[in-house]
Amino acid sequence: MISRLLVANRGEIARRVFAACRASGVETVAVHSDADTEAPFVAEADHAVRLPGNTPVETYLRIELILDAARRSGADAIHPGYGFLAENAGFAAAVTDAGLTWVGPPAKAIAAMGDKLAAKALLADAGIPMLPSWTEPEQVTGFPVLVKASAGGGGRGMRIVRDTDGLAGAVASARREAAAAFGDGTVFVERYVERGRHVEVQIVGDRHGTVLALGERDCSIQRRHQKIVEEAPAIVGTELRERLHAAAVSAGRAVDYLGAGTVEFLLAPDGEFYFLEMNTRLQVEHPVTEAVTGLDLVRLQLLVAEGEPLPLTATPPVAGHAIEVRLCAEDPAQGFRPATGTLHRFAVPGVVGDFTPPRGLRLDSGVQSGSTVGVHYDSMLAKLVAWAPTRVEAARALAAALARAELHGVRTNRDLLVRVLRSREFGAAEVDTGFLDRHPEVFAPLLPAGELPLAALAAALASAADRRAAAPVLAGLPAGWRNVPAFPQVARFVGPDGDEVEVRYRLDRTGGLAQWSTSTGDEPPPTVTLVGAAGQRVVLDVDGVRRAYRVHRVGSEVFVDGPDGAASLVELPRFPVPGAELAAGSLLAPLPGAVARVHVEVGQRVAAGDLLLTLEAMKLEHPVVAPTDGVVTELPVLAGGQVDTGAVLAVVGPVEEAS
């Protein structure tokens, strides 16, 4: 029996495992880096052990530190979560060698499936269909192809290549990224299937010879080969479902699988499917399977680890439909690069519960209001899951909850997720791995550009109401009222895309909005009547339709949530202090990170699009390219150096300037 379980992971997966432990009466132990000291998962554990340092290499990837933490805390079992050491066969062996219970498959099974090339060979012998693959670029016959890391997943080390010219560079880049992410730079090349669907089967096995399929999931909506929307069940016919389940069970039996795992397949447009990989761990998207089956997969993992038989002997019936989205800290204005900062407010309406409820709206989150999002770990903040009797209802409920969520302080991919869920194609289940490439319209922000001035007006009126409420004199005057009509109130903001928004307004003696105007747009502004304004809520009548805006101010930042979308604004001071100007052609760091490589030198001529240097942050490579033709006039960074957001990385000037 497991009495005290250490989770060798962080964030929402640690909290998810802790929730199952609490329900089963098992004590919990967290391990944490210095950056995670105040994280919610640490506070929720019964015991916590510090791992000195911040980066994964210093902390969560140190097997000896994890085992020492188990010894010091009295843990008798270890759950690896997902990511980090979850699919490290050496870690699994070290845990069992230390006399601890390992909540996962045997080290032998992890090793067999951890090398994708070896796994393909093993399962091909078991009769599971495979795509053609090659280990060296010169062996490739036919395009397009996909370069893949042999060890690891999550989209890292993956590159689509459509012709011979781009293959060598893609292989080299994938090797670097795979080595940085997984400590193994081995890659291979596989035939790429256009408009394929990513369908995976959840399996579970016990020590008594049972291996079951618990249903399948469709994970086709992906960006940069990383899943962002998952659903269960997949929209497939009964015969195909049975073949997928049988193939997944065969894969599990081929490696004597124990515990929860996932067998991933690529479903081609002609209805054939091919093995992609087997993940020997719990998947990020496991909640959708829990929602439609009513099972707790972590509980099943614990039972299997304790040697108990599975409490079911056949594939369970599926009820309703569940959809999950991955809410990530990403900046849409910067090409969805990982974002950092403080979450001043993190609130999602309508959530039934966290981590375990199988029905309704479920939130699995690694953060809460006040959490700091840094550069050391993955950008995923939370998973939001909706279950409903039908797919249409699940998508609608999930989109509505996301759209109304208050996500203040860190830019996210929320608008993209809502637009995907509300798109006609998603509603018709017309999805595949190229969905986002074919539908650039889903990348548009929810808030229409023409609505931004109204959000800025609401922010200005809320700010004025706050100031009036705190005024020591003439507190009875309405906020924003002036006795000189020729000079209206003026408020200036920087919008989400960096553009300035100016609003001018004047109130009458009763506090009504006498007039207003904006600096944006060529069309005349709508007719607006002020219904009410307070510090955190402004109600406007816009062309006869009443709209309520929620306003949250943190210093100069103002977050406005309205009926048509949200806006993050920065209020500019009325009397700005002059600052130093950047040199023309300056390229600034979009986020904190390490300079991985510098590809140019001062005085070198470059063309628009040439790679100047590469940043590494949040486990990803971020290329910095020349914006125009010119010459590198300044290069103030060195490979291996750390930079903060906004730091000057390079300056590209015109050729005549350098001569």
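Me: What makes Asp 331 count as buried?

Reply: This is a predicted model, and in it Asp 331 has a relative accessibility of 16%. Buried means under 20%, so Asp 331 counts as buried.

Me: And why is Arg 411 called partly exposed?

Reply: Arg 411 has a relative accessible area of 26%. Partly exposed runs between 20% and 50%, so that's the label Arg 411 gets.

Me: How do you know that Asp 331 and Arg 411 meet in a salt bridge?

Reply: Their side chains come to 3.4 Å, N to O, and the cut-off is within 4 Å. The pair links distant parts of the chain, 80 residues apart: Asp 331 sits in strand β16, and Arg 411 in the loop between β24 and α12.

Me: What makes Glu 231 and Arg 391 a salt bridge?

Reply: Here the N to O value is 2.7 Å, again set against a limit of 4 Å. Glu 231 lies in strand β12 and Arg 391 in helix α11, so the pair ties together parts 160 residues apart in sequence. Glu 231 is buried at 4%, and Arg 391 is buried at 11%.

Me: Why are α3 and α4 called roughly parallel to each other?

Reply: Helix α3 (residues 63-73) and helix α4 (residues 89-97) pack at an angle of about 30 degrees. Angles under 35 degrees count as roughly parallel, so the name fits α3 and α4.

Me: Which residues meet there, α3 against α4?

Reply: Ile 63, Ile 66 and Leu 67 in α3 meet Gly 90, Phe 91, Ala 94 and Val 95 in α4. By class, that's six nonpolar, one polar and no charged residues.

Conventions
Residues are numbered from 1 along each chain as its sequence is written. This is a predicted model: local features need pLDDT of at least 70, side-chain atom pairs count only at pLDDT 80 or more; totals for chains, interfaces and linings use all residues. Side-chain values use heavy atoms; hydrogens and water are left out. Axes are lines fitted to C-alpha atoms, for helices over the stretch in contact, and angles run from 0 to 180 degrees between N-to-C directions. Helices (H or I, at least four residues) and strands (E, at least two) are DSSP runs, numbered from the N terminus. Angles under 35 degrees count as roughly parallel, over 145 as roughly antiparallel, 65 to 115 as roughly perpendicular and the rest as oblique. Contact means heavy atoms within 4.5 Å. Ala, Val, Leu, Ile, Met, Phe, Trp, Tyr, Cys and Pro count as nonpolar, Asp, Glu, Lys and Arg as charged, and the others, Gly among them, as polar. Buried means under 20% relative accessible area, exposed over 50%, partly exposed in between (1.4 Å probe, protein chains only).
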